[in-house]
Amino acid sequence: MKAIRRFTVRPVLPEPLAPLSELARNLRWSWHAPTRELFRSADPAGWRAAGGDPVRLLGSVTAGRLAELATDPEFLFRVSETARDLDGYLRGRRWYQEQSADGAPLPAAVAYFSPEFGITAALPQYSGGLGILAGDHLKAASDLGVPLIGVGLLYRHGYFRQSLSRDGWQQEHYPVLDPDELPLTLLREPGGSPAQVSLDLPGGRSLRARVWQAQVGRVPLLLLDSDVEENAPGERDVTDRLYGGGSEHRLLQEVLLGIGGVRAVRVYCRLTGHPEPEVFHTNEGHAGFQGLERIRELLPYGLDFDAALEAVRAGTVFTTHTPVAAGIDRFDRELVARHFGEGGELSGVDAGRVLRLGVESYPGGDPDVFNMAVMGLRLAQRANGVSTLHGAVSREMFRGLWPGFDTAEVPITSVTNGVHAPTWVAPEVLALGDDVAAAPDADLWELRRALREQLVHEVRERLYASWRQRGAGTAELGWIDGVLDPDVLTIGFARRVPAYKRLTLMLRDRERLTELLLHPRRPVQIVVAGKAHPADDGGKRLVQELVRFADDPRVRHRIVFLPDYGMAMARKVLPGCDVWLNNPLRPLEACGTSGMKAALNGGLNLSVLDGWWDEWYEPDFGWAVPTADGTAAHDQDRRDDLEAAALYGLVEERIAPLFYDRGADGIPARWTEMVRRTLTALGPKVLADRMVREYVDRLYAPAARAHRVLALEPGAAGELAAWKARVRGAWPGVSVGHVEAGAEPGAAGADLGAAELGSTLALRVCVTLGALRPEDVEVQAVAGRVDSDDAIADAQTFPLKPAVGGPDTSSRWIYEGPLALDRTGPFGYTVRVLPAHPLLPHGADPGLVAWPTEVTGEGAGVLMR
């Protein structure tokens, strides 16, 4: 029988146990081991049944057990001490409170928008790396005291649960999530009614959403939920599934996240007294519409659209996470126009201006689509990729938005992702503390074996459950007791399953892989997990291919596929793997943080030089899989063959021999030293604390300073917008004319063909400014080494100054300045003109530049070889 209605009966805690409620509702327990141990000791069997979720545990523990605990002096003391510890954590001064940004206060608050958040398996609102990164960002911000407000959506079905059919085909299940059974509280108005935000939709419809709050340590996370009775059925389903539905469904989700998210922040700050955010951080383009809502907020205060845009851009940070155009949300232009037209979401905001923010106005762009990443970049003064390599890839991807600028000058920087150590490090590794460097080899080796043994038990349990779901009977599964061996070299591979991550690269030569798995002296075992998107049949075929290979009785004790990969599994599987494998198509892995989590547990990385590994790889930390180049790089089959062969060769010839090369004491000394170096030298680099500090110093603090000028100083935003409009209108009249170069008076090397290191050139440039004045521009010499095509590499810029005397009758100005020849070899220079204004964050911000034309001949830039 099925119930016709579902609701949650909350437990009534005895007064001495009242602090347990707050301890359960604050998600700090997800990374604070003493709090988890407190709940586990309350009811060990119930803790296991609840999946380690304190809220579910308190909902199931019996009244008799609660009464017993309420009179247990030792337990009550632990409750009191744990509650006191949480209170100190929430109220004490931390790193952020001790900082200053060049004498100016840091942001009073930062709003952090993301479509998904991976905080804990008990709050399943994530699908993969983007959400896990967002969760780790919030946790690290909490530990550092950064006043973040997280903003997302509450998906009633979360992301799907994965199982396998008997023949290995991925199957999806969408369990209904009851917010009352999750570690959430409903944001309420003073009279007790649920707080709501509302959006206008085309056709006179409305989209309403309640606001649920998860408390992530010190950081509130606001999650919008459209499943409310006031909504029509279609609107109730807007927050049904993460990354589900068609284009209009996704658009509505992103409108609710962005526009509704800003409104939820305003409601939260009004109700709680929390400081209003000075900085808005958009984690990927899904939440880009938040900038439009903030523009709408400013219009009643006398700002026009352009001035409001400048004010909003000043306080906005945009982080892109994808290195491929296919990973960006792009909507049909007419669909967006319908939602932002008459009677749509933003009354008073010109729909044409909205559409121009997302237009792909560059060579190869599609004028009929609305690009969320393009809008995100246009709405933010500051943008970044998530690794050094990804920053470079992003600058190349989006260089069309800044025509005339070299790729290196595209204003997208990078902050390499990090992972939250207390969440991902095994307790046994944490117990080493600061003693890793001095720990005996025997202790490190025993630690790694203990973690491997735990992994073996975890895998057998999960594999047994998976086979039972696939229809196998108990009598068929005796072989699972022999799956994996705690003394065998263990390789892990677990992640989402898009094609570029190449789940099945290891199967390229199955005979060779089988030989590695079954080697008589140096066997290898592999643990694999991963989910394909429900609509990605190609990814599902890859999963099935891997599963069918792992089902083969010859090798199934050495390679396993575990379905339903998520945070709970990752925390069990990652620490036990000796080697973490990553073999994407370079450079399509923006960062790839799973290998960071392995490294924090002493796992060694085996990876293509992509994402973060390209940045921090050293032979002490693992191995780099060579990537195909030349013509092979453009032939997918050939590339996979070459890179798979390189992968097999590394395992066979270097990795396995090193693992099994034991001394008289039975310990592989070199392997153990690599584990030590990974923990001590690589570990500190991959921390989310380091990442969040970088965001504060390099992005949040400058954004807050810009916000205070452009959004708070009367007239500043309007003045900047008017100046930009004037400069854009006059820019066609700006040009670089004749360029002269000679040795400085009295200096050696007057003959350019014989220029010497250390000498200085005197440049004299004729520039036409048209309707502009010298204070509107900066004239620069750009110089550096040149290649065979005369392209300048490692360019340096040298400002030139207007000569005394003013312009001639044709508005031509003479600019002069020295150019130091500080490098030997082929050298060259050119000259350019950029807009200049004190409120610009960088010279490329307006996207305007004037270079010499071809008709200026040699004077456009003399080359010296």
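Select T672 to begin: leaving aside neighbours within four places in sequence, this residue is in contact with D441, L444, W445 and I667. The model on the screen is a predicted one, and the mean pLDDT of its protein chain is 92, with 96% of the residues reaching 70 or more. T672 sits in helix α25 and, at 2% relative accessibility, counts as buried. For a sense of scale, add R218 to the selection: R218 and T672 are separated by 454 residues in sequence, and their C-alpha atoms lie 38 Å apart in space.

**Helix α18 against α25**

Next, show helix α18, residues 441-469, together with α25, and look at how their axes run: the two helices pack at an angle of about 80°, with the axes 10 Å apart. That angle makes α18 roughly perpendicular to α25. To see the contact itself, display D441, L444, W445 and R448 on the α18 side, which meet A669, W671, T672, V675, R676 and L679 on the α25 side. By character, the residues of this contact divide into six nonpolar, one polar and three charged.

**Helix α24 against α25**

Keep α25 (residues 669-682) in view and add helix α24 (residues 636-660); here the axes come within 6 Å and cross at roughly 105°, so α24, too, is roughly perpendicular to α25. The side chains to select are I655, L658 and F659 in α24, which meet R670, W671 and M674 in α25. The residues of this contact comprise five nonpolar, no polar and one charged.

**A salt bridge inside α25**

Staying on α25, pick R676 and E673, whose side chains meet in a salt bridge with an N to O distance of 3.3 Å. Both residues belong to α25 and stand three residues apart, about one turn of the helix. Are the two partners buried or partly exposed? R676 counts as buried at 9% relative accessibility, whereas E673, at 30%, counts as partly exposed.

**From α24 to a loop**

Now return to α24 and select D640 with R508, whose side chains meet in a salt bridge at 4.0 Å, N to O. This pair links distant parts of the chain, with D640 in helix α24 and R508 in the loop between β15 (489-494) and α19 (510-517), 132 residues apart. D640 is buried, with a relative accessible area of 10%, while R508 is partly exposed, with a relative accessible area of 36%.

**From α11 to α27**

Side chains of opposite charge can pair when their charged atoms come close, and the structure holds 58 salt bridges. One of these to select is the pair E310 and K724, with the closest N and O atoms 3.1 Å apart. Because E310 lies in helix α11 (residues 305-314) and K724 in helix α27 (residues 716-730), the pair ties together parts that are 414 residues apart in sequence. Both E310 and K724 are buried.

**A stretch to read with caution**

Finally, colour the chain by pLDDT and go to residues 855-865, where the value stays under 50 throughout. For this stretch the model has 30 contacts beyond four places in sequence.

Conventions. Residues are numbered from 1 along each chain as its sequence is written. Side-chain values use heavy atoms; hydrogens and water are left out. Axes are lines fitted to C-alpha atoms, for helices over the stretch in contact, and angles run from 0 to 180 degrees between N-to-C directions. Helices (H or I, at least four residues) and strands (E, at least two) are DSSP runs, numbered from the N terminus. Angles under 35 degrees count as roughly parallel, over 145 as roughly antiparallel, 65 to 115 as roughly perpendicular and the rest as oblique. Contact means heavy atoms within 4.5 Å. Ala, Val, Leu, Ile, Met, Phe, Trp, Tyr, Cys and Pro count as nonpolar, Asp, Glu, Lys and Arg as charged, and the others, Gly among them, as polar. Buried means under 20% relative accessible area, exposed over 50%, partly exposed in between (1.4 Å probe, protein chains only). pLDDT is the predictor's confidence in each residue, from 0 to 100.
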